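Welcome, and please open your viewer before reading on. We will go from stop to stop, with a selection to make at each one.

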Amino acid sequence: MTCVAALFVARNGVYFGMPDVEPWDMEADARLYAGPYPVVAHPPCERWGRYWSGGPNLASPRKKLGADDGCFAAALAAVRRFDGVLEHPEASHAWTAFGLNKPPKDGRWVVADWQGGWTCCVEQGHYGHAARKAAWLYAVGCELPDLRWGSSGKRLTPRLVRFADPDHDGFHSAEERRRRIKTGVCQRLSKKQRAATPTPFRDLLIAMAQSSERRLSPRS
């Protein structure tokens, strides 16, 4: 098996303790990764997503779009140089900022740029996430698998409903019920649960990186 570097991953998360995977969490500063292995990259998305400004809380200072200390740029450069795949939320503003073509929502791989990149939209709900969690992938130099395209439907496993509410009804109040209906399943999950990468999806991304055509000869 080709060794893979997992960049910008949660400390002690699903990429830790795996043979042939070299995990780089934020404390390790994945921006410094210099090879030689192909990568699976999950750069921080807070400043690139739909709520990049920090939300409607007027007491908090407005954030700057794309202010991630160069993490996305470093992840993109690593994928382009060493091959592999990068994952970010659907509708990430990073695609526009870095000149990448946006993929169709209904699913399929399309050309992302003129540097050998391909991109697609896929919902992690197909791979075990409790929410639909649509993601955009950017891949270079590896096999492009036929993924489970399209909507994964409403998602919330009974185990997570019980975890969120010990009374097992899924709601703490009538107001929370109304908010659930308005904002969807994802709001019932904790920040950690929303950010988690399902194990089958992790394995898919690792397999893509391991299929690298380049192997251990980095591009200049």
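Start by selecting β1 and β2: the two strands pair in the parallel sense over five bridges. Pairing here requires that DSSP finds at least two bridges between two strands. Helices (H or I, at least four residues) and strands (E, at least two) are DSSP runs, numbered from the N terminus. Show the side chains of Ala5 and Glu22, since Glu22 in β2 is the bridge partner of Ala5.

A word on the model before going further: this is a predicted model, in which local features need pLDDT of at least 70, side-chain atom pairs count only at pLDDT 80 or more, and totals for chains, interfaces and linings use all residues. Residues are numbered from 1 along each chain as its sequence is written, and side-chain values use heavy atoms, with hydrogens and water left out.

**The sheet**

Keep β1 selected and add β3. These strands run parallel and are joined by three bridges, with Leu7 standing opposite Ala41 in β3. Is β1 enclosed or open to the outside? Six of its six residues are buried, so β1 is largely enclosed by the rest of the structure. Buried means under 20% relative accessible area, exposed over 50%, and partly exposed in between (1.4 Å probe, protein chains only).

Next, add β4, which pairs with β3 in the parallel sense over three bridges. Val40 has Val85 in β4 as its bridge partner. Now bring in α1: this helix packs on the sheet, touching β1 (4–9), β3, β4 and β7 (134–140), and its direction makes about 150° with that of β4. A contact is heavy atoms within 4.5 Å; axes are lines fitted to C-alpha atoms, for helices over the stretch in contact, and angles run from 0 to 180 degrees between N-to-C directions.

Select all the strands to see the full arrangement. Seven strands form an open sheet with mixed pairing, in the order β2-β1-β3-β4-β7-β6-β5. The edges are β2 and β5, each with a single partner strand, so one side of each is left without a neighbour in the sheet.

**Salt bridges**

Show Arg11, Asp25 and Glu27 as sticks; the three are linked in a network of salt bridges. The rule is a side-chain nitrogen of Lys or Arg within 4 Å of a carboxyl oxygen of Asp or Glu, and by this rule the count comes to seven salt bridges. Between Asp25 and Arg11 the closest N and O atoms are 2.5 Å apart. This pair links distant parts of the chain, with Asp25 in strand β2 and Arg11 in the loop between β1 and β2, 14 residues apart. Asp25 counts as buried at 4% relative accessibility.

For the salt bridge of Arg11 with Glu27, the closest N and O atoms are 3.9 Å apart. Arg11 lies in the loop between β1 and β2 and Glu27 in the loop between β2 and β3, so the pair ties together parts that are 16 residues apart in sequence. Glu27 counts as exposed, at 66% relative accessibility.

Then move to Asp113 and Arg80, whose side chains meet in a salt bridge (3.0 Å, N to O). Asp113 is in the loop between β5 and β6 (117–123) and Arg80 in helix α1, 33 residues apart. Both Asp113 and Arg80 are buried.

**Backbone stops**

Select Gly35 and Pro36: the peptide bond from Gly35 to Pro36 is cis, with omega near 5°. Pro36 lies in the loop between β2 (21–25) and β3 (39–41).

Asp83 comes next, in the loop between α1 (71–82) and β4 (84–89). Although Asp83 is not a glycine, it has a positive phi of about 75°. At 0% relative accessibility, Asp83 counts as buried. Arg108, in the loop between α2 (94–97) and β5, also is not a glycine and has a positive phi, near 155°. Its relative accessibility is 45%, so Arg108 counts as partly exposed.

**Last selection**

Finish at Thr197, in the loop between α5 (191–195) and α6 (199–210). Thr197 is buried, with a relative accessible area of 14%. What does Thr197 touch, not counting residues up to four places away in sequence? Its contacts are Val14, Tyr15, His42, Gln124 and Arg202. Thr197 and Ala10 are 187 residues apart in sequence and 9.6 Å apart in space, C-alpha to C-alpha.
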